[in-house]
Amino acid sequence: MVGSLMVALVPNLLISYVGAFLCGAAFSVIMPCVLHGAAKLVPAESSAMAVSIAICSQTIGRMISPYVMTFLGSSIVGFGLTSNQASLLFAVVVGFLGSAILYFVNIRK
C-alpha cells in the first residue's frame, strides 16, 4: 500500500519508481503466501486443484481490474487528482479495509 501511495501522490518520477519497486517486491512476497495458503486450506489430494483455482482467479482479476479501476477512478475524480491517482488511492483504501477486516476476524479466533 505504501508503494501505491508513493506512485499516486508523489510528483517526482524517481520516487514513483521506488514506489513501483515496492509494489513489485510486495507482490513477489504475497503471491507465494497466497498459493501456500490455498494449498493448506484443502486436503492434500486437492491441493493442486486449489492452487490452480487460485492462479486462475488471479489471472481473471488482473484481466478485469484495469477496466473496473479506470471506471471507478473516473467516477471519483476530485480534489485535483487525475483518474489514475484516484484509482490508485481507491485501491489503497480497499486494500487497507480488507487487511483490517482480515486482521480483526483472525484476532477473534
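**View 1. Ser65 is partly exposed, with a relative accessible area of 32%.** Here "partly exposed" lies between buried (under 20% relative accessible area) and exposed (over 50%), using a 1.4 Å probe and protein chains only. Keep in mind that this is a predicted model: local features need pLDDT of at least 70, side-chain atom pairs count only at pLDDT 80 or more, and totals for chains, interfaces and linings use all residues. Residues are numbered from 1 along each chain as its sequence is written, and side-chain values use heavy atoms, with hydrogens and water left out.

**View 2. Ser65 sits in helix 3, which covers residues 47–75.** A helix is a DSSP run of H or I with at least four residues, a strand is a run of E with at least two, and both are numbered from the N terminus. Now look for Val42: 23 residues separate Ser65 from Val42 in sequence, and their C-alpha atoms are 27 Å apart in space.

**View 3. The chain has 4 helices and 0 strands.** Starting at the N terminus, you'd read the elements as α-α-α-α. Along its principal axes, the C-alpha trace spans about 50 × 30 × 30 Å.

**View 4. How much of the chain is buried, and what does its surface offer?** Of the 109 residues, 14% count as buried. About 8000 Å² of the chain is exposed, and carbon and sulfur atoms supply 77% of that; these areas come from the Shrake-Rupley method with a 1.4 Å probe, and for residues only the protein chains shown count as cover.

**View 5. Contacts link parts of the chain.** Among contacts (heavy atoms within 4.5 Å) with a separation of 6 or more, 33% join residues 24 or more positions apart.
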